[in-house]
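Hello,

Here is the structure I promised to pass on to you. Have a look at it first, and then read on for what turned up in it.

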Amino acid sequence: MPKKSGRAGRKPGEHIAENLQQQAVAKASASHFAQQYRWWMLRRILGFTLIGLGAVMILVHVLMHLANVQVVSMQDLLIGYPTGMVLMVVGLVIATRR
């Protein structure tokens, strides 16, 4: 006996069960998307925060050396600028990662 296609061939509860299953899949997919978006936004915020901190650290060191303030001369140069650059590079990596 050939199977009927379409709604006429289905049992009464089949289309309801199929609809519920499609809704559950759509809801899980939307939930997964929302979770990914939240993580992406947190990474962007963290990345740009690190970029800002690195830029501020470099700017402060430039201004300190232009004002000829001597904290600890060579140690300050070897720690301040590289740390600021590392913060900026790490921030760029985190912020631009997909």
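Met85 sits in helix 2, which covers residues 73–96. This is a predicted model, so please read everything below as computed from that prediction. With a relative accessible area of 44%, Met85 is partly exposed, because that value falls between the 20% limit for buried and the 50% limit for exposed. Its partner to look at is Ile58: Met85 and Ile58 are 27 residues apart in sequence, yet their C-alpha atoms are 7.6 Å apart in space.

That pair brings us to the chain as a whole. The protein chain has 2 helices and 0 strands. If you take the contacts between residues at least 6 apart in sequence, 72% of them join residues at least 24 apart. Of the 98 residues in the chain, 11% are buried. The chain exposes about 8,200 Å², and carbon and sulfur atoms supply 68% of that area.

Next, have a look at His61. This residue belongs to helix 1, which spans residues 14–66. Is His61 buried or exposed? His61 is buried, because its relative accessible area is 11% and the limit for buried is under 20%. A polar atom of the His61 side chain lies 2.8 Å from the backbone oxygen of Met57.

There is also something to see on the surface. Phe33, Tyr37, Trp40, Met41 and Ile45 form a nonpolar patch there, and together these residues have about 500 Å² of accessible area. Two members of the patch are worth a closer view. Tyr37 counts as partly exposed at 41% relative accessibility, and Trp40 counts as partly exposed too, at 32%.

How many aromatic pairs are there? The count comes to 1. Tyr37 and Trp40 form that pair, with 5.8 Å from centre to centre and 35° between the planes. The pair is called tilted, because 35° is neither under 30 degrees, as stacking would need, nor over 60, as edge-to-face would need. Both residues lie in helix 1, 3 residues apart, which is about one turn of the helix.

If you want a route through the model, you could begin at Met85 in helix 2, go on to His61 in helix 1, and finish at the surface patch that includes Tyr37 and Trp40.

Happy viewing, and best wishes

Key:
Residues numbered from 1 in each chain as written. Predicted model: local features only at pLDDT ≥ 70, side-chain atom pairs only at ≥ 80, totals over all residues. Heavy atoms only, no water. Helix = DSSP H or I, 4+ residues; strand = E, 2+ residues; numbered from the N terminus. Buried < 20%, exposed > 50% of the residue type's maximum accessible area, 1.4 Å probe, protein only. Contact = heavy atoms within 4.5 Å. Areas by Shrake-Rupley, 256 points an atom, 1.4 Å probe, with all protein chains shown as cover. Polar contact = N/O pair within 3.5 Å; in protein donor to acceptor, adjacent residues only side chain to side chain. Patch = residues over 30% accessible without salt bridge, like charges linked within 9 Å, V, L, I, M, F, W, Y side chains within 5 Å. Salt bridge = Lys/Arg side-chain N within 4 Å of Asp/Glu carboxyl O. Phe/Tyr/Trp six-rings, centres within 6.5 Å; stacked < 30°, edge-to-face > 60°.
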